[in-house]
Amino acid sequence: MSYSVLIVEDHPFQHEYLLNLFRDQGNIRVEAARDGNEAYELLKKQAFDLVLTDLLMPGMDGIQLIQRLSTLPSKPALAIMSAASRRMIVSAGVMAQSMGLTVVGQLSKPVVPAAVSSLMGNLDSLMKSDKPLVREPLRLKRETLCEAMFKGELQAWFQPKKSLHDGHIVAAEALARWVHPEHGLLMPSDFLPSLVTLGLEKELLMLFIKQTIAAQAIWNSQGYDIPVSINLPTHLLDDADLADTLHDYVCAEGGTPTKLGFELMECSTTQDISKYYAGACRLRMKGFGLAQDDFGQGFSSYFNLVSTPFTELKIDRALVHGCVENPNLASALASIVTLGRQLGLEVVAEGVESQEELALLRKLNCDRVQGFLISRAVSFGHFGHLLHEDAPPRVH
């Protein structure tokens, strides 16, 4: 597969050196710019698959260029290189990801041929994967979304959680997908912003509970007992009756509360912190599992972790991605896994994409993993096939 690469490097020797390194890779159209301004002008005229930029440059520096990249209608993949500290490079990468860019490499100078080969391998994996392209969310009307839910077009798809103790699929997370009659499969970033703006989160939650219970019944009939966790926007805990409503609804649908868990999302907060703790406690009292989602990013805190009756700790993908190459991330992961286990929580690492990451997490005694290395989110029927491929039936 042929790729187009733009190198942004102000030092004349490094400029030519990097051009030669990429040309040696073969089947790559490579161009170079001397600074951020020149690069941005090129990017406005033509699309590139990958931009490799230095951080420390005169004029428009690498950070400013990355900010400009996030405004482009067609966003290239990004790789960052610098002679600055490793923490500086990592911080720039986090900034880029927060702006919707896909970071496929973080290189320290001097760049060596093996690093370029690895970088192009990452780009190749990205281009061949089923990860969604970054694009603007659709602007949707309330009646459109309600109709999609009524027709069953908005669906809970399931991403497996695999145990690192025995290697089997032991649980799943329900993730939102829209099987659109015209646009095909839409990802959450396409429609959730509109759904949140229109205040339809509780309706989606109830729909996914219903779909999950139906899926669990089918898997159970095939011999598999699979607990499922569902994302729950934290502000819904402002409703003092939420725990009762969910419990009654699950029982009415023939489900079992202990086989369902809720992952508290950081996209919103309760109006009163007492409502957060009251809601979390009552969900656990009703038998539901409770997970701290995306730990290590956003507003998650150690105090929140130890003061909320969680049953599961989910480590954010931002700490997992690059943990093999970055000893700081690996140390943070080790500390979080140890803390989670000491608190009696099931520790799950999200976003696992390589065998090396899997091996490190196993070495750290993490309990479970999920991510593209294991499987993307799939429909409930396809998930049943994954269970059959994974192990013989375990319940009767």
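User: In this predicted model, which residue of β2 is the bridge partner of Val-5?

Analyst: In the predicted model, the residue of β2 that forms a bridge with Val-5 is Val-30.

User: What makes β1 and β2 count as paired strands?

Analyst: Two strands pair if at least two bridges are found between them, and β1, which spans residues 3-8, is joined to β2 over six bridges in the parallel sense, so the requirement of at least two is met and the strands are paired.

User: What is the order of the strands in the open sheet, and why are β2 and β5 said to stand at its edges?

Analyst: The open sheet has five strands with parallel pairing, in the order β2-β1-β3-β4-β5. Because β2 (28-33) and β5 (103-108) each have a single partner strand, one side of each is left without a neighbour in the sheet, and they are therefore its edges. On average, and with direction ignored, neighbouring strands of this sheet are turned by 15° against each other.

User: Which strands does helix α1 lie across, and which does helix α4 touch?

Analyst: Helix α1, residues 12-23, lies across β1, β2, β3 (50-54) and β4 (77-82), and runs at about 170° to β2. Helix α4, residues 86-98, packs on the sheet by touching β4 and β5, with its direction making about 165° with that of β5.

User: How do you know that Cys-323 is in no disulfide?

Analyst: A disulfide requires two cysteine sulfur atoms within 2.5 Å, whereas the cysteine sulfur nearest to that of Cys-323 belongs to Cys-366 and is 10 Å away, so Cys-323 is in no disulfide. For Cys-366, likewise in no disulfide, the nearest cysteine sulfur is that of Cys-323. A search of the whole structure finds zero disulfides.

User: Why are Cys-323 and Cys-366 called buried?

Analyst: Buried means under 20% relative accessible area; Cys-323 has 1% relative accessibility and therefore counts as buried, and Cys-366, at 1%, counts as buried too.

User: Where is Glu-173 found, and why is Glu-173 called buried?

Analyst: Glu-173 is found in strand β7, residues 169-180, and because its relative accessibility is 3%, set against the limit of under 20%, Glu-173 counts as buried.

User: What makes the approach of Glu-173 and Gln-370 a polar contact?

Analyst: The side chains of Glu-173 and Gln-370 are joined at 2.9 Å, and since a polar contact is a suitable pair of N or O atoms within 3.5 Å, the distance satisfies the limit. Leaving aside neighbours within four places in sequence, Glu-173 is in contact with further residues, including Trp-157, Lys-161, Glu-263, Lys-314 and Glu-350.

Methods: Residues numbered from 1 in each chain as written. Predicted model: local features only at pLDDT ≥ 70, side-chain atom pairs only at ≥ 80, totals over all residues. Heavy atoms only, no water. Helix = DSSP H or I, 4+ residues; strand = E, 2+ residues; numbered from the N terminus. Axes fitted to C-alpha atoms, helices over the stretch in contact; angles between N-to-C directions. Contact = heavy atoms within 4.5 Å. Buried < 20%, exposed > 50% of the residue type's maximum accessible area, 1.4 Å probe, protein only. Polar contact = N/O pair within 3.5 Å; in protein donor to acceptor, adjacent residues only side chain to side chain.
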